[in-house]
Every structure is written in structure tokens, then in C-alpha cells.
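The following note sets out points for a colleague's consideration, to be read alongside the model. The points proceed from the overall fold to individual elements and loops.

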Amino acid sequence: MTKLSTVDETRAYGARLAGILRAGDLLVLAGPLGAGKTALTQGIGAGLGVLGDVTSPTFVIARVHRPDPARGGRVALVHADAYRLGSTSDPRAEIDDLDLDASMDDSVTVVEWGEGMVEQHGDGHLLIRIDRRDDDTRIVELVPVGGDWAARLAKLEYVAPPF
């Protein structure tokens, strides 16, 4: 678990996380309103070097951010928000209607509020739980599910000793 004190730290953590991401990755973000899911995704977008501002897709459900060659962009970011989905008896059908899997092989896909609805779209995924404390700090827990996530996260957590 990682403690983040500010929104800027949350974005910086997302940018650092982007360093281990590659096309085909699925990230599922969980946490209450205001926890920092979009701020983390903004950092991921910055780390991936995508075009445009990463904003909450709550009302449009999903946004695609293409890589920006001028910023060293290497892979697209699909940012979806499942918060408004789930009013049907099978919310996974609503997710299927978004055709997320059509772009998953070529992009990093981040789904806010997607826990229990999108996991079937990948061989493995990274569940990111964010909890906002009363003092506005955030506690981030990265939970690898399948694939090679555990090995990649070990690289993320490694900090080289000073020379």
C-alpha cells in the first residue's frame, strides 16, 4: 500500500505506474467518490504521453486519448467510467455495449467503478483500490489479478539505493 498526501502526488504516482503499462492492459479502479480515481488516471495519461486533457468520463462513459508523438506517446489510453452503468439486471451487458475489447489490444484501458463488471475483458487485470482518508490523504492498494502483473509491480515498487 502507498500513502499519497496530495492530488499532485496521486497524479505523479499514476505517471510512475504508466512506466510499467503496455498495450492490452486493463486497470480497474475502485474507491468512493472523490478518492482520486480520475487524478490517478490523469497521471497515467501523462506518463503514457497521450493527447488532450484526461477528464472524468462520467457523462460520456468512455474517452479515447491517442498517443502524442510530440510527448513521446507510445500507446493510447481508453478511460471509461462505469458509475452510471449497472441499472440493468446484467451490468456486464452494458459494458459489452461499449466495445471496450475492440480497442483493448492497442491501448491501456482504465475503468473507474468497473469492479465486478469488466474483468472478463482481459486475461488478467490490475485492481487499484483507492481510499481517501479524513485528512485527505489517499491510500492506494495495487492488487494483481492474473497475467504477469505481480512481476511488473515488483519492478514498480523497487527503488534503487543511493550511490
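**Notes on the predicted model**

1. From the N terminus on, the order of elements in the protein chain is β-α-β-α-β-β-α-α-β-β-β-α. The model is a predicted one, and its protein chain holds five helices and seven strands. Of the 163 residues in the protein chain, 45% are buried. Among contacts with a separation of 6 or more, 64% are between residues 24 or more positions apart. The chain exposes about 8300 Å², of which carbon and sulfur atoms supply 52%.

2. Strand S2 (26-30) deserves attention. Five of its five residues are buried, so S2 is largely enclosed by the rest of the structure. Leu26, Val28 and Ala30 point one way from the strand, while Leu27 and Leu29 point the other way. S2 pairs in the parallel sense with S5 over four bridges, and also in the parallel sense with S6 over four bridges. Leucine 27 has valine 110 as its bridge partner in S5, whereas leucine 29 has isoleucine 128 as its partner in S6.

3. The pairing continues on the other side of the chain's bridge list. S6 and S7 run antiparallel and are joined by eight bridges; isoleucine 128 is bridged there to leucine 142 of S7. S7 also pairs with strand S1 (residues 2-4), in the antiparallel sense and over three bridges. In that second pairing, leucine 4 has arginine 138 of S7 as its bridge partner.

4. Which residues of the largest nonpolar core touch the most other members? Among its 26 residues, they are Leu27, Ile44, Leu48 and Ile128. At least two residues of this core come from each of H1, S2, helix H2 (37-48), strand S5 (107-112), strand S6 (125-132), strand S7 (138-145) and helix H5 (149-157). A second core, separate from this one, has six residues, including Ala30, Ala80, Val111 and Leu127. In soluble globular proteins, nonpolar side chains tend to be buried together.

5. Isoleucine 44 may be examined individually. Apart from neighbours within four places in sequence, isoleucine 44 is in contact with Gly14, Ala15, Leu17, Ala18, Leu21, Leu27, Leu77 and Val110. Isoleucine 44 is itself one of the buried residues of H2, and Leu27 is one of the buried residues of S2.

6. How does the burial of H2 arise, and what covers its buried residues? Nine of its twelve residues are buried, so the helix is largely enclosed by the rest of the structure. These are Lys37, Thr38, Ala39, Leu40, Thr41, Gly43, Ile44, Gly45 and Leu48. The cover over them includes H1, S2, strand S4 (76-81), S5 and S6. The geometry of H2 is consistent with its length: at 1.5 Å a residue its twelve residues should span 16 Å, and its end C-alpha atoms are 16 Å apart. Glycine 49 follows H2 and has a positive phi, near 70 degrees.

7. Helix H1 (residues 7-18) also has twelve residues, which at 1.5 Å a residue should span 16 Å; its end C-alpha atoms are 17 Å apart, which agrees. Its buried residues are Thr10, Tyr13, Gly14, Leu17 and Ala18. Seen down the axis of H1, these residues fall within an arc of 145 degrees, so they line one face of the helix. An α-helix has 3.6 residues a turn, so residues three or four places apart point the same way.

8. A backbone value in one loop should be noted. Aspartate 136 lies in the loop between S6 and S7, a hairpin with five residues between the strands. Its phi is near 75 degrees, a positive value in a residue other than glycine. Most residues other than glycine have a negative phi. At 35% relative accessibility, aspartate 136 counts as partly exposed, because the buried class ends at 20% and the exposed class begins over 50%.

9. The loop between S2 and H2 contains proline 32. Proline 32 is partly exposed, its relative accessible area being 40%. Leaving aside neighbours within four places in sequence, proline 32 contacts Lys37, Trp113 and Ile130. Proline 32 and arginine 132 are 100 residues apart in sequence, yet their C-alpha atoms are 7.7 Å apart in space.

Conventions: Residues numbered from 1 in each chain as written. Predicted model: local features only at pLDDT ≥ 70, side-chain atom pairs only at ≥ 80, totals over all residues. Heavy atoms only, no water. Buried < 20%, exposed > 50% of the residue type's maximum accessible area, 1.4 Å probe, protein only. Contact = heavy atoms within 4.5 Å. Areas by Shrake-Rupley, 256 points an atom, 1.4 Å probe, with all protein chains shown as cover. Expected span 1.5 Å × (residues − 1). Arc of directions from axis to C-beta. Core = buried A, V, L, I, M, F, W, Y, C linked by side-chain atoms within 4.5 Å. Pairing = 2+ DSSP bridges.
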